[in-house]
Amino acid sequence: MTNTLLDVRDLRVEFRTRDGVAKAVNGVSYSVDAGETLAVLGESGSGKSVTAQAVMGILDSPPGRVTGGEVLFRGRDLLTMGAEDRRRIRGAKLAMIFQDALSALNPVMTVGAQLGEMYEVHEGMTRKDARARAVGLMDRVRIPAAAQRAGDYPHQFSGGMRQRIMIAMALALEPDLIIADEPTTALDVTVQAQVMDLLAELRNEYDMGLILITHDLGVVADVADRIAVMYAGRIVETAPVRELYAAPAHPYTKGLLESIPRLDRKGRELYAIKGMPPSLTAVPPGCPFNPRCPLARDVCRTDRPPLYDVAPGRGSACHFWKETLGEG
Ligand SMILES: Nc1ncnc2c1ncn2[C@@H]1O[C@H](COP(=O)(O)OP(=O)(O)OP(=O)(O)O)[C@@H](O)[C@H]1O
Ligand code: SF4
Ligand SMILES: [Mg+2]
């Protein structure tokens, strides 16, 4: 038996806008096992966050609406189960970490009180016991002098420390799965790496599933097991990280990889993908990437590529994946 925690199948989310219906998530499937990290990569607007919001039940609705698909948590569909069960699972088993810790935390409550409140509300602890647990948790995410700092307010912490507090909040009820949406984007590079390492360590310790949403493969390459690359509301490539890094099977992924500065490519000009992602109310026919793709030809402008099986555990939504892979 596999240990699949979350299995998202053919998920569809639409937004009604002034310009028409935007298909922000257009048939996305991905899964995460216990102890595994899935990175979800893609440019701004590709649907990474909206997918996560639909999973967590925090979609801005209206205007957003889930129009199809399944979100199976341990085999049960969160989208169709009773409200009470759904609330319990989403409250205790799934947790989310956001990019902007300062706006996600309560500014007028000390961090010790905020963390403690989780235990008071969900586990019926006394304030004193809850506070002790909160300090233990702050210690666990390596906030120096946790006992004293529990009395401080969010704005008194540095960005990196605040993000650790967010991680502690997410961890408090020992969830099975954490979705981290660009958790380190606002931090400098050294602190980014420390926060990523902490997340990976906690994932191992608690045998959690982890979804890391990012637009920067460089940040997650070391901690992720598998990766799903999104473009215009779809997954265009999925693969184990190392394999994708060594030989991408989709021209879009190839472009993303080539735009990461690498020491071994010093002196070479960075390849940037030309053009802009399409408007989601007017996605071009055929392959959505065709206006920007250096390999595009006639069939790309008429036939939408399915996610072809490239190898076990690897898929690419490109008619010419063999050619792309071959180029290395
Ligand atoms: N509240 C909303 N109202 C209308 N449209 C929305 C709303 N939220 C998202 N969308 C649409 O969904 C698309 C996908 O948004 P999403 O936030 O998932 O992108 P993302 O991949 O997370 O990008 P980023 O890297 O900028 O966070 C947007 O381009 C937009 O068209
Ligand atoms: S299907 Fe065609 S346009 Fe789309 S990525 Fe492949 S080669 Fe490029
Ligand atoms: Mg986002």
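This passage describes two sheets, the helices that lie on them and the surroundings of one ligand in a predicted model. Residues are numbered from 1 along each chain as its sequence is written, and chains are lettered from A and ligands numbered from 1 in the order in which they are written. In this predicted model, local features need pLDDT of at least 70, side-chain atom pairs count only at pLDDT 80 or more, totals for chains, interfaces and linings use all residues, and side-chain values use heavy atoms, with hydrogens and water left out.

Helices (H or I, at least four residues) and strands (E, at least two) are DSSP runs, numbered from the N terminus; two strands pair if DSSP finds at least two bridges between them. Eight strands form an open sheet with mixed pairing, in the order β6-β7-β8-β3-β9-β10-β12-β11. Strands β6 (94-97) and β11 (308-311) stand at its edges, and each has a single partner strand, so one side of each is left without a neighbour in the sheet. On average, neighbouring strands are turned by 25° against each other, direction ignored. Angles run from 0 to 180 degrees between N-to-C directions, with axes fitted as lines to C-alpha atoms, for helices over the stretch in contact.

At one edge, β6 runs parallel to β7 (residues 177-181), joined by four bridges; Met96 has Ile179 in β7 as its bridge partner. Helix α7 (residues 159-171) lies across both β6 and β7, at about 170° to β6. Contact here means heavy atoms within 4.5 Å. At the other edge, three bridges join β11 to β12 (residues 314-316) in the antiparallel sense, and Tyr308 is paired with Ser316 in β12. The two strands form a hairpin with two residues between them, and Gly313 in the turn has a positive phi of about 80°.

The other sheet is open and antiparallel, with four strands in the order β2-β1-β4-β5. Its edges are β2 (20-33) and β5 (76-77), each with a single partner strand, so one side of each is left without a neighbour in the sheet. Helix α1 (residues 48-56) packs on this sheet, touching β1 (4-17), β2 and β4, and its direction makes about 115° with that of β1.

Ligand 2 is surrounded by 13 residues (each with a heavy atom within 4 Å of the ligand). The closest are Cys287, Cys293, Cys300, Cys318 and His319. By class, this shell has 10 nonpolar, three polar and no charged residues; Ala, Val, Leu, Ile, Met, Phe, Trp, Tyr, Cys and Pro count as nonpolar, Asp, Glu, Lys and Arg as charged, and the others, Gly among them, as polar.
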